[in-house]
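Take a moment to look over the structure below. We'll walk through a handful of spots in it, one after another.

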Amino acid sequence: MILLIGSSGQLLARDLDEIKAEGVLRHIGVPYANFVAKYTEGNKVTHSGLDIELMQNFAKYLGVDYQFIPATWTTVFGKLTGVNGQFVDNKVVYSSPQLIEGDVMAHGVTILDWRKEIIDFSDDYFPSAVWLIARTSSDLIPIKPSGSLTEDIIAVKSLIKGRDVLAMKQSCLDPDLYDLYLTQANVILPTKQLQLNEMVPAMLNDEAETTLLDVADSLIALEKWPSEIKVIGPISEEQRMAMGFRKDSPKLRKAFNQYLKQIRADGSFNELVKKYYPSAFHYYNNYFSQAITSQ
């Protein structure tokens with residue numbers, strides 16, 4: 001275990017007991033969809049979103065204050081664990097040790113095998129998947145669901161040979177996760193760092209004919225550009241999102257799982273989801289219903 005100490009001499013690799021003793025929960029997040037949204041008004045920067053409220057309420061549940069620690073997709077693992085990890089050539093490559101800045105990672109983080117090597121995930125709380133999105137002007141036609149997700153993925157991949165597909169490394173839209181290069185698609189990686197919610201605007205700006213997009217961003221994009229984009233079909237199997245914890249914070253992770261179980265059972269979790277993702281219940285009603293009845 002790597003122990004890193006800040007300039008104040010305070011140990012930041014903490015579990016539940018240390019967090020309660022200090023009296024503050026530090027939430028690390030990356031602006032993404034309606035999980036973590038960043039707003040600037042004059043010189044003031046504020047954050048809101050589903051995960052912001054979940055973590056604020058979790059802090060109250062623990063009886064401590066809340067603090068938000070901003071991050072990017074390329075720094076977030078390092079700020080949580082003290083060693084940043086990147087997915088390169090289908091393996092995790094680690095950076096030099098750095099300062100640990102927070103206790104929990106929460107911004108709609110998709111559970112992926114390579115991320116499990118770096119962090120431990122909580123119980124899942126939001127469904128996901130990666131879809132192929134195209135401009136309405138594209139001659140690609142949405143597939144007809146076959147009843148088999150595997151067959152649907154094969155059908156979608158068969159359509160993109162020679163087509164431009166916008167993707168993003170180090171995210172759930174990483175082309176290596178879905179063997180996208182084997183489809184002979186023309187995979188385009190952004191020349192500048194984009195946020196996931198900038199993928200559709202980039203596509204609409206003619207940077208590519210299609211883009212990969214996960215469910216959360218797709219739901220928002222379909223509401224924002226209903227006449228300009230269309231869903232062709234799935235690229236991935238079903239996925240799940242969860243909160244990320246250091247592997248040496250088992251008590252904090254257990255406490256969050258207990259809190260999540262409680263708010264699912266009392267209905268307050270679904271009310272919070274409706275606030276930020278009202279259309280999620282149209283596509284994933286079974287998931288959110290089972291989240292209550294299975295507890």
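Is Glu117 buried, partly exposed or exposed? Before we answer, keep in mind that this is a predicted model. With a relative accessibility of 45%, Glu117 counts as partly exposed, because that label covers values between 20% and 50%. You'll find Glu117 in the loop between α4 (113-116) and β8 (120-121). If you skip the neighbours within four places in sequence, Glu117 is in contact with Val92, Tyr94 and Lys247. One of these, Val92, sits 25 residues away from Glu117 in sequence, yet the C-alpha atoms of the two are 7.9 Å apart in space. With Tyr94 there is also a polar contact, side chain to side chain, at 3.1 Å.

Val92 turns up again at our next stop, Gln86, which touches Val92 as well as Trp73, Thr74, Lys91, Val93, Trp114 and Gln170, once residues up to four places away in sequence are set aside. Gln86 belongs to strand β5 (residues 83-88). Its relative accessibility is 17%, so Gln86 counts as buried. What does a polar atom of the Gln86 side chain lie 3.4 Å from? The partner is the backbone oxygen of Thr74.

Now go on to Trp131, in strand β10 (residues 130-135). Trp131 counts as buried too, because its relative accessibility is 13%. Leaving out residues up to four places away in sequence, Trp131 touches Thr211, Leu212, Leu213, Val215, Ser218, Val231, Gly233, Pro234, Ile235 and Tyr284. Pick out Val215 from that group: Trp131 and Val215 are 84 residues apart along the chain, but their C-alpha atoms are separated by 7.1 Å.

Leu212, one of the residues touched by Trp131, leads us to the largest nonpolar core. How many residues does this core have? The count is 91, and the ones with the most contacts inside it are Phe35, Leu50, Tyr125, Phe126, Leu212 and Tyr277. Tyr277 makes a good place to pause: apart from residues up to four places away in sequence, Tyr277 touches Ala33, Asn34, Phe35, Leu50, Phe126, Ala216 and Ile220.

What about Ala33, from that list? Ala33 lies in the loop between β1 (24-29) and β2 (37-41). It is buried, since its relative accessible area is 9%. Its backbone deserves a look as well. Most residues other than glycine have a negative phi. Ala33, though, has a phi near 50°, which is positive. Gln184 has a positive phi too, near 65°, and is also found in a loop, the one between β11 (164-166) and β12 (186-188). Is Gln184 buried or exposed? At 53% relative accessibility, Gln184 counts as exposed, because the cut-off for that label is over 50%.

Last, let's see how two helices meet. The axes of α2 (residues 50-62) and α8 (residues 250-265) come within 11 Å and cross at roughly 105°. That angle makes α2 roughly perpendicular to α8. On the α2 side, the contact is made by Leu54, Met55, Asn57, Phe58, Tyr61 and Leu62, while α8 brings Leu252, Ala255, Phe256, Gln258, Tyr259, Gln262 and Ile263. Sort these residues by class and you get 10 nonpolar, 3 polar and no charged ones.

Conventions:
Residues are numbered from 1 along each chain as its sequence is written. This is a predicted model: local features need pLDDT of at least 70, side-chain atom pairs count only at pLDDT 80 or more; totals for chains, interfaces and linings use all residues. Side-chain values use heavy atoms; hydrogens and water are left out. Helices (H or I, at least four residues) and strands (E, at least two) are DSSP runs, numbered from the N terminus. Buried means under 20% relative accessible area, exposed over 50%, partly exposed in between (1.4 Å probe, protein chains only). A polar contact is a pair of N or O atoms within 3.5 Å; within protein, one must be able to donate a hydrogen and the other to accept it, and residues adjacent in sequence count only if both atoms are side-chain atoms. Contact means heavy atoms within 4.5 Å. Axes are lines fitted to C-alpha atoms, for helices over the stretch in contact, and angles run from 0 to 180 degrees between N-to-C directions. Angles under 35 degrees count as roughly parallel, over 145 as roughly antiparallel, 65 to 115 as roughly perpendicular and the rest as oblique. Ala, Val, Leu, Ile, Met, Phe, Trp, Tyr, Cys and Pro count as nonpolar, Asp, Glu, Lys and Arg as charged, and the others, Gly among them, as polar. A nonpolar core is a set of buried Ala, Val, Leu, Ile, Met, Phe, Trp, Tyr and Cys residues joined through side-chain atoms within 4.5 Å.
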